[in-house]
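Hi everyone, thanks for making time this morning. I'd like to walk you through one structure, so let me put it on the screen.

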Amino acid sequence: EAEARIMENITPFISGEFQISAIKRVNYSELFPSEEADKWYSARLAFITLDEKTAAERETFATVLVAADNMDEAMKSLKEGMKGPMADYKSLVLRETDIMDVFPYEAKKD
C-alpha cells in the first residue's frame with residue numbers, strides 16, 4: 001500500500017524510470033510540516049511527568065518529524081509546534097534525516 005501511494009504521488013512530477021529502494025515503518029508521534037522547507041529533521045523528545053503517589057519524575061519518550069531548511073529552523077519549528085502540550089519536555093536529539101518527502105495518510109471516505 002505504501003509503495004502504491006508513493007508511486008501515485010510522485011509520478012506526476014518525474015519523467016523516466018524510478019525505483020523505490022526501501023520502505024521502512026517508523027513510529028512518529030507528531031508531524032510538523034512546512035510548505036517552504038526541503039529537509040526533514042527527526043527530534044527525540046522526553047516528556048516529563050510527575051507520579052502523584054511517589055512524587056518521582058518520569059520520562060515518556062516520543063519521536064517527531066520536523067520540516068525545515070536548517071537545524072536552527074528545525075529547532076524553532078519544534079518549539080513553536082510544542083507550545084500546546086501541558087507536559088514539560090526536553091529535546092534529547094535533533095538530527096537531519098534522509099527523508100525526501102512525506103505523504104500523510106488520508107483515509108478515503110466511503
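**A walk from the loop to the sheet**

Let's start with Phe 18, which you'll find in the loop between helix 1, residues 2-10, and strand 1, residues 30-32. Before I go further, please keep in mind that this is a predicted model.

So, is Phe 18 buried or exposed? Neither, quite: its relative accessibility is 33%, so Phe 18 counts as partly exposed. Once we leave aside neighbours within four places in sequence, Phe 18 is in contact with Met 7, Ile 10 and Thr 11. Take Met 7 from that list: Phe 18 and Met 7 are 11 residues apart in sequence, and their C-alpha atoms are 9.3 Å apart in space. Both of them turn up again on the surface, where Met 7, Phe 13, Ile 14 and Phe 18 make a nonpolar patch of about 390 Å².

Now to the strands. Which way do strand 2 and strand 3 pair? They run in the antiparallel sense, over 12 bridges. Strand 2 also pairs with strand 4, again in the antiparallel sense, over 8 bridges. Strand 1 joins in through strand 3, and here the pairing is parallel, over 3 bridges.

Some individual residues help to fix the register. Leu 65 in strand 3 is the bridge partner of Leu 31, and Leu 65 is also the bridge partner of Ser 42. Further along, Ala 46 has Phe 61 in strand 3 as its bridge partner, while in strand 4 Ala 46 stands opposite Lys 90.

Let me stay with Ser 42 for a moment, which sits in strand 2. Ser 42 has a relative accessibility of 8%, so it counts as buried, the cut-off being under 20%. Not counting residues up to four places away in sequence, Ser 42 touches Tyr 28, Thr 63, Val 64, Leu 65, Val 93, Leu 94, Arg 95 and Thr 97.

Strand 2 and strand 3 also form a hairpin, with 6 residues between them. What catches my eye in the turn is Ala 55. Its phi is near 60 degrees, a positive value in a residue other than glycine. For context, most residues other than glycine have a negative phi. Ala 55 lies in the loop between strand 2 and strand 3, and Ala 55 is exposed, with a relative accessible area of 55%.

Next, the inside. Which residues have the most contacts within the largest nonpolar core? They are Leu 45, Val 64 and Leu 78, in a core of 13 residues. Strand 2 (39-50), strand 3 (57-68) and helix 2 (71-81) each supply at least two residues of this core. Leu 45 gives a good idea of the surroundings: apart from neighbours within four places in sequence, its contacts are Thr 60, Phe 61, Ala 62, Val 64, Leu 78, Met 82, Tyr 89, Lys 90, Ser 91 and Leu 92. You'll recognise Val 64 and Leu 78 in that list, and Lys 90 takes us to my last topic.

That topic is charge. How many salt bridges are there? The count comes to 2. One of them links Glu 59 to Lys 90, with the closest N and O atoms 2.8 Å apart. Glu 59 is in strand 3 and Lys 90 is in strand 4, residues 88-96, so this pair ties together parts that are 31 residues apart in sequence. Glu 59 is partly exposed, at a relative accessible area of 36%, and Lys 90 is partly exposed too, with a value of 36%.

There is also a salt bridge between Glu 80 and Lys 83, where the closest N and O atoms are 3.2 Å apart. Glu 80 and Lys 83 are both exposed.

If you take one picture away, let it be this: strand 2 pairs with strand 3 and with strand 4, and the salt bridge from Glu 59 to Lys 90 ties strand 3 to strand 4. Thanks for listening, and I'm happy to go back to any of these residues on the screen.

Definitions and conventions. Residues numbered from 1 in each chain as written. Predicted model: local features only at pLDDT ≥ 70, side-chain atom pairs only at ≥ 80, totals over all residues. Heavy atoms only, no water. Core = buried A, V, L, I, M, F, W, Y, C linked by side-chain atoms within 4.5 Å. Buried < 20%, exposed > 50% of the residue type's maximum accessible area, 1.4 Å probe, protein only. Helix = DSSP H or I, 4+ residues; strand = E, 2+ residues; numbered from the N terminus. Contact = heavy atoms within 4.5 Å. Patch = residues over 30% accessible without salt bridge, like charges linked within 9 Å, V, L, I, M, F, W, Y side chains within 5 Å. Areas by Shrake-Rupley, 256 points an atom, 1.4 Å probe, with all protein chains shown as cover. Salt bridge = Lys/Arg side-chain N within 4 Å of Asp/Glu carboxyl O. Pairing = 2+ DSSP bridges.
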